[in-house]
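Me: I'd love a close look at one part of this protein, namely its aromatic pairs and the strands and cores around them. Could you walk me through that part in one go?

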Amino acid sequence: MTAWRNLRSRASRTFFTIAGIAVGILALTVVGSLAERLQTIVSRSTQLNTGSIFAQVRPGTLTDPHARALLEADYRQLKAMPDVAGVVPEVFLPYSIESGDGGGRFAPPFFILGLPGEAKRLAGAALTLTRGREIGEGEHRAAVVSADFAAAHHADLGATIALYGNSFHVVGVIGKSFTLFDSAILIAFADAQALVPQLLPVRIASTPKNPISAFLVVARDTR
């Protein structure tokens, strides 16, 4: 009874003490959950990308007057490396110029990815559609989005989304993979190349005819 009377006489102190304990427990739970999610993303991405390397084009290459020749030289150099089975060009663009656009979730910011057919086959394990279909051969202004993007931007199957001022129709939704593809918006390779000039400063007079921003380098299986 004495303990109860002490608690009642110090009601404010008791309330804040209990609240502090509750907040501490909540914080530990949230941090633990976020750490577990991050570990899952890293583990899954490593598993799916074993044997491949994402090589980003050097900063400033696309604005160089000799960009086309530089990109071709990079391609030949990568392909000539020992134990390289193939090199596939890609276009990787931020979804938004604003930094940290992750739709309010604990994950990398959303990005636009233009993949030729060969790269899509290599990434197939992480690109399982849960709704809709893949982008057809020669099809333009179509997009396949991650489930996270669809939820964050109300862009489910049949929706129209704006990418750099251009309208794209959502034809498919990728299932949750716990990889970087959970932040992806996939569009046709040619469409992604057409968006590149819109990302460059207006003072740039021209860009390469077929711009790329990265290479997917696939290692030869030596086992």
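To set the scene, how much area does the chain expose, and what share of it do carbon and sulfur atoms supply?

Reply: Happy to. Please keep in mind that this is a predicted model. The chain exposes about 13,500 Å², and 59% of that is supplied by carbon and sulfur atoms. Of its 223 residues, 36% count as buried, and the chain contains 6 helices and 9 strands.

Now to the aromatic rings. The structure holds 4 aromatic pairs. One of them is formed by Phe-92 and Phe-111, which are stacked, with 4.8 Å centre to centre and 25 degrees between the planes. This pair links distant parts of the chain, since Phe-92 sits in strand 2 and Phe-111 in strand 3 (residues 111–115), 19 residues apart. Phe-92 is partly exposed, at a relative accessible area of 34%, whereas Phe-111 has 8% relative accessibility and counts as buried because the cut-off is under 20%.

Another pair is made by Tyr-95 and Phe-149, this one edge-to-face, with 5.1 Å centre to centre and 85 degrees between the planes. It too links distant parts of the chain: Tyr-95 belongs to the loop between strand 2 and strand 3, Phe-149 to helix 5 (residues 147–152), and they are 54 residues apart. Phe-149 is buried, with 1% relative accessibility. Together with Phe-110, Tyr-95 and Phe-149 form one aromatic cluster.

Phe-149 also takes us into the largest nonpolar core, which has 32 residues; Phe-149 is among the members touching the most others, along with Ile-112, Val-145, Ile-161, Leu-163, Ile-185 and Ile-187. Apart from that core lies another, of 12 residues, including Phe-111, Leu-115, Val-144 and Val-171. Back in the largest core, and leaving aside neighbours within four places in sequence, Ile-187 is in contact with residues including Ile-112, Leu-163 and Phe-168. Phe-168 has a charged partner as well: Arg-141 lies over the face of its ring, at 5.7 Å from the ring centre.

Finally, back to strand 2 (residues 84–94), which runs antiparallel to strand 9 and is joined to it by 6 bridges. Val-87 stands opposite Val-217 in strand 9. Strand 9 (residues 214–219) is largely enclosed by the rest of the structure, because 5 of its 6 residues are buried.

The wider contact pattern rounds this off: among contacts between residues at least 6 apart in sequence, 74% join residues at least 24 apart.

Technical notes
Residues are numbered from 1 along each chain as its sequence is written. This is a predicted model: local features need pLDDT of at least 70, side-chain atom pairs count only at pLDDT 80 or more; totals for chains, interfaces and linings use all residues. Side-chain values use heavy atoms; hydrogens and water are left out. A nonpolar core is a set of buried Ala, Val, Leu, Ile, Met, Phe, Trp, Tyr and Cys residues joined through side-chain atoms within 4.5 Å. Buried means under 20% relative accessible area, exposed over 50%, partly exposed in between (1.4 Å probe, protein chains only). Contact means heavy atoms within 4.5 Å. Helices (H or I, at least four residues) and strands (E, at least two) are DSSP runs, numbered from the N terminus. Accessible areas come from the Shrake-Rupley method with a 1.4 Å probe; for residues, only the protein chains shown count as cover. Two strands pair if DSSP finds at least two bridges between them. Rings of Phe, Tyr and Trp (its six-membered ring) pair if their centres lie within 6.5 Å; planes under 30 degrees apart count as stacked, over 60 as edge-to-face and the rest as tilted. A charge sits over a ring if NZ of Lys or CZ of Arg is within 6 Å of the ring centre and within 35 degrees of the ring normal.
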